[in-house]
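Please walk me through this structure, starting with how its elements are named and then moving through the sheet, the aromatic rings and the unusual backbone angles.

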Amino acid sequence: MMRTAILLLSLGITACSSVHSESVLTSSLKVNIIDVGAGLCIAVRAPSNNMTKYLVYDIATSKCAKSIKKIVGESTIDMVVISHPDADHYRGFSKAFTPADEGGFGLTAKSLLETGIVRFNKHKNISPTYQKYTNAKQYIPTVHSLSNAETIKKFPIGKQWNLGEAVVTFIHGHGLVSGQADNIDPTSHNRNGASIVLKIEYGENSILLTGDAVGVEKNDTQGKHCIRTEKRIVDTCSAKNSVCGDMDIDVMIAPHHGSHESLCMDFIELTDPEYVIFSAGTSHDHPRQITYDRLMKYDNKIITFRTDKDEATGNPNEWSDTLGKNQSGDDNIEIIMSKNGKPIIRYTD
């Protein structure tokens, strides 16, 4: 409780009374970034006429699925989004949606949004992990695959839909990559570059979910030349009256866990985030100091949080060039957004 109170004060928020504080929490958008080590696991809860609407974005592991089950309970998830088919973003999907009598958690969902990119092994057969994912999709009644022409028409850039009192905007995503017709596994760069990116707005506040979006060439240490995902977003969303709407983002989930190929300068400038959260672990040496340095070069007042740093302070001093532990579950982060005022961001473990 002491750490939470300090964080609230550091963000300019005071708890005038327990009643007021409880009121804020129950009428707010809540986003849980679940610490899964190297991977991504996000559950979004939005208020809606004394109900709660749920969106799940990526299910990295079975532990992720278990955490989502704890958050959702017996409620039905309104939409599941798998940003792209890398195992650290979808491996836990089958466990989540397989019925309990078949060994899963028995979660239910109304719809799934995916790239539609299929994973193959070296023998051009569907990979076992992707096959489990495919098998579990049967339990979700509506599947939107962005490799399908009709789905692409239904999800143009700028498409909006309601999640209770929140508004979701489709910013980026496609499933068309080379080699799929010949059962060739797409490159990591192609998979990452196709990531589904969503903006969620609640009143005056917004959060950007970015998957493994690609934005920087390997040797471009300054991030001067945007590429792929981030370039497409910059090109599409920079215009004053663009279909993307307001791209001045309050909270950003860092693209690709803060890898060297994320956060080009034009993308940072477009989104102008106040808070950046790195869902990361040591498996791939994420996040990278060079990426953090680009953020600080743009604005050294950006506050960063990390899921690999043992519940650090939640301010710029949290960053160091030392990687944290890869243990999962000890750095879960909760974001609480009211319709106005600054977000509350806190570690929950």
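Helices and strands here are DSSP runs, helices (H or I) of at least four residues and strands (E) of at least two, numbered from the N terminus. The model is a predicted one.

With that numbering, Leu263 can be placed: this residue belongs to the loop between strand 13 (251-253) and helix 10 (265-271). Its phi is near 65°, a positive value in a residue other than glycine. Most residues other than glycine have a negative phi. Leu263 is also buried, since its relative accessible area is 0% and the limit for that label is under 20%.

Arg228 is another residue with a positive phi that is not glycine, here near 45°. Arg228 lies in helix 9, which covers residues 228-237. With a relative accessible area of 30%, Arg228 is partly exposed.

Helix 9 leads on to the sheet. The helix lies across strand 10 (166-172) and strand 11 (197-202), and runs at about 115° to strand 10. Both strands belong to an open sheet of 7 strands with mixed pairing, in the order 9-10-11-12-13-14-15. Strand 9 (160-163) and strand 15 stand at the edges; each has a single partner strand, so one side of each is left without a neighbour in the sheet. From one strand to the next, the twist averages 20°.

Within this sheet, strand 12 (residues 205-209) and strand 13 run parallel and are joined by 2 bridges. Ile207 stands opposite Val251 in strand 13.

Edge strand 15 also takes part in an aromatic contact. Ring centres within 6.5 Å count as a pair, and by this rule there are 8 aromatic pairs. One of them is formed by Phe305 and Tyr347, whose centres are 5.7 Å apart and whose planes are at 50°, which makes the pair tilted. Phe305 lies in strand 15 (residues 303-306) and Tyr347 in strand 17 (residues 344-347), so the pair ties together parts that are 42 residues apart in sequence. Both rings belong to buried residues: Phe305 has 0% relative accessibility, and Tyr347 has a relative accessible area of 4%.

Elsewhere, Tyr90, Phe93, Phe97, Tyr130 and Tyr133 form one aromatic cluster.

Two lysines sit over aromatic rings. Lys95 lies over the face of Phe105, 5.5 Å from the ring centre. The charged end of Lys159 is placed over the ring of Phe155, at 5.4 Å from its centre.

Methods: Residues are numbered from 1 along each chain as its sequence is written. This is a predicted model: local features need pLDDT of at least 70, side-chain atom pairs count only at pLDDT 80 or more; totals for chains, interfaces and linings use all residues. Side-chain values use heavy atoms; hydrogens and water are left out. Rings of Phe, Tyr and Trp (its six-membered ring) pair if their centres lie within 6.5 Å; planes under 30 degrees apart count as stacked, over 60 as edge-to-face and the rest as tilted. Buried means under 20% relative accessible area, exposed over 50%, partly exposed in between (1.4 Å probe, protein chains only). A charge sits over a ring if NZ of Lys or CZ of Arg is within 6 Å of the ring centre and within 35 degrees of the ring normal. Two strands pair if DSSP finds at least two bridges between them. Axes are lines fitted to C-alpha atoms, for helices over the stretch in contact, and angles run from 0 to 180 degrees between N-to-C directions. Contact means heavy atoms within 4.5 Å.
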